[in-house]
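Colleague: I'm new to this one, so could you take me through a single part of it? I'd like a close look at the place where the ligand sits, and then a short walk outwards from there.

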Amino acid sequence: MPPTTHAEWLSLAASLVPPVQHLVGGADDPGGGAVFPLVSPRDGSVLAEVADAGPAEVDRAVAAARRAFDHGPWPRLSPAERGAVLRRFADLVEEHRTELALLISLEMGKPVTEAYEIELRTTINTLRYYGELADKVHDESPRTGSDALALVTREPIGVVAAVTPWNFPLTLASWKIAPALAAGCTVVLKPSEQTPLSALRLGRLGAEAGLPDGALNVIAGQGPVAGRALGLHPEVDVLAFTGSTAVGRHYLRYAADSNLKRVWLELGGKSPNIVLPDAPDLDTAAATAAWGIFFNSGAMCTAPSRLLVHSSIAERVVDAVVERARTLSVGDPLDPATEMGPIASALQFDSIQKHIAAAREDGARLRAGGHTLPDQDGFHLQPTVFDRVVPGMRLARDEVFGPVLAVLTFDTVDEAVALANDSEYGLAAGLWTADLSTAHQVARRLQAGTVWVNCYEEGGLNVPFGGYKQSGNGRDKSAHALEKFTELKTTWIQL
Ligand code: NAD
């Protein structure tokens, strides 16, 4: 059982010794001696000095993954055998759930109870799901004349470089590595420089579970150095990236400038959440809107950051969201009473404050928050709500990736759909209505990879996740994720 009190989590944190070296070829790799300080957003203290990969470490990690793919047992094991290792991996993550939740909370400030309950549950489920799925997908044999046999088979592509952000460090890593490994690929994972510790620990649990040496390598390092070297590496066959749209563009260029490796992108969002006057329960709609934008300090690619509310009900809904913003408890993520932790890094803290300043300059009305909490240690910001936002304003268009809500109003369903689709992004959307026909008709018109009706952030591993437009390509989760890590081969046999 995990600790239940603030004091217990603090004492566990004091005794924690996280791994700080890369994992390459199944062994600790200290790198060439370069390290970077990892600053905890809880209090600004240096949590650890972490190995900092340069091109030489990237080369070593890719070579280990290449060897493991070309000569190692992993791609040659039966899918059932690979599945069994992934399920052992899931079991080990479950055994170390408390430690991993604590590492995440320390490195990026997520409330530790949410890291334990939500992030670790999803990570464990993901490893288990692909562990189960590995031998339950089938190849095809299209019908031919009686003189031939056609086979359409999926083969693992090779070495996958997975590059991930800091907001869900283990869940998003597992969405890449579990289907890649299930498919028979080998992996080099480069987590965000804000969250290397949980990923380095995860890699070691994979080795303990029985992944052969080099099947899963984890390197810590900076995006423009280690990430770039992976992106340009001629021995990497697939790039599976989750992060900002700006950096996603870099990966497309890296692929174009090197070996045309496959590039799969899960990018940013500015998701609309439409509340129609016939929403089945306005209190639930408002509570969900508030939860959605303040959960994980707003660092959700799918955050419902544009609340589009019908003008006839706007006052009631917005007042309820503002009330929630004012009463949310912001504080130490190791305190189980905390509902919103700090912003993950000094960089992100400054960036969000700039978005708030821009919203004020553009004439949006501040209804709640808008300020830092200087009386607390760490990078704490008040949950913030702006209403009277109109489409031309920066807050209506730019991804903030923080606890800042933009409220826009509309008078007709057509207007709501036009506002919702007026974005370069298309990751997700919410819709609140009691009318079944309206729900289906509007859901079809929304340009979004996921549409949630009368809920938000719901779903299981068996549904695909990804974006339209500049929110990316390809899909994480579900059997569709295997498509990213396999090539389709046609074999035509003349009989
Ligand atoms: P980011 O794009 O800054 O960084 C993501 C990763 O890219 C990190 O590992 C980083 O080291 C690396 N990187 C940074 N600059 C690089 C460069 N020049 N070359 C190569 N690699 C580089 O994103 P972030 O701040 O870590 O995360 C926030 C972003 O991620 C938001 O835009 C959010 O919407 C997005 N996100 C998307 C999803 C999704 O599934 N669509 C999920 C979570 C987060």
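Modeller: Let's start with the ligand's surroundings, keeping in mind that this is a predicted model. The ligand has 30 residues around it, and the closest are Glu 193, Ser 244, Tyr 251, Tyr 254 and Glu 399. Two of those names are worth a second look. The side chain of Tyr 251 has an N or O atom 2.7 Å from a nitrogen atom of the ligand. Tyr 254 also puts a side-chain N or O atom 2.7 Å from a ligand nitrogen. Leu 267 joins in through its backbone: a polar backbone atom there is 2.7 Å from a nitrogen atom of the ligand. As for how wrapped up the ligand is, on its own it has 840 Å² of accessible area, and the protein covers 90% of that. The space the ligand takes up is the largest pocket.

Which elements build the shell? Among those that each supply at least two residues are helix 8 (223-232), strand 9 (238-242) and helix 9 (245-257). So if you want to trace the chain around the ligand, those are good stretches to pick out in the viewer.

Now for a residue with a label from a record. UniProt, in an unreviewed entry, has the annotation "active site" on Glu 266. You'll find Glu 266 in strand 10, which runs over residues 262-266. Is Glu 266 buried or exposed? Its relative accessibility is 3%, and buried means under 20%, so Glu 266 counts as buried.

The same unreviewed UniProt record also gives a wider frame, placing "domain: Aldehyde dehydrogenase" at residues 36-490. That span is 41% helix and 18% strand, and the C-alpha atoms at its two ends lie 48 Å apart.

Next, a few spots elsewhere in the chain. Thr 384 is in strand 14 (residues 384-387). Its relative accessibility is 0%, so Thr 384 counts as buried. The side chain of Thr 384 makes a contact too, reaching the backbone oxygen of Gln 382 at 2.8 Å.

Then there are two residues with a backbone angle to look at. Ser 297 is not a glycine, yet its phi is positive, near 55°. Look for Ser 297 in the loop between helix 10 (282-294) and strand 12 (306-310). Ser 297 is buried, because its relative accessible area is 6%. Lys 477 isn't a glycine either, and its phi is positive at about 65°. This lysine, Lys 477, belongs to the loop between strand 19 (468-469) and strand 20 (486-494). With 11% relative accessibility, Lys 477 counts as buried.

To finish, go to Ala 7, in helix 1 (residues 6-14). Exposed means over 50%, and Ala 7 has a relative accessible area of 52%, so Ala 7 is exposed. For a sense of distance, take Ala 7 and Leu 308: they are 301 residues apart in sequence, and their C-alpha atoms are 42 Å apart in space.

Conventions. Residues are numbered from 1 along each chain as its sequence is written. This is a predicted model: local features need pLDDT of at least 70, side-chain atom pairs count only at pLDDT 80 or more; totals for chains, interfaces and linings use all residues. Side-chain values use heavy atoms; hydrogens and water are left out. UniProt positions are given in the numbering used here, feature names are shortened, and annotations may be inferred rather than shown by experiment. Helices (H or I, at least four residues) and strands (E, at least two) are DSSP runs, numbered from the N terminus. Buried means under 20% relative accessible area, exposed over 50%, partly exposed in between (1.4 Å probe, protein chains only). A residue is near a molecule or strand if one of its heavy atoms lies within 4 Å of it. A polar contact is a pair of N or O atoms within 3.5 Å; within protein, one must be able to donate a hydrogen and the other to accept it, and residues adjacent in sequence count only if both atoms are side-chain atoms. Accessible areas come from the Shrake-Rupley method with a 1.4 Å probe; for residues, only the protein chains shown count as cover. On a 1 Å grid over the protein atoms alone, a cavity is a set of points where a 1.4 Å probe fits but cannot get out, and a pocket is an open set with protein on both sides within 12 Å along at least five of seven lines; lining residues have an atom within 4 Å of a point. A molecule sits in a cavity or pocket if more than half of its atoms lie within 2 Å of its grid points.
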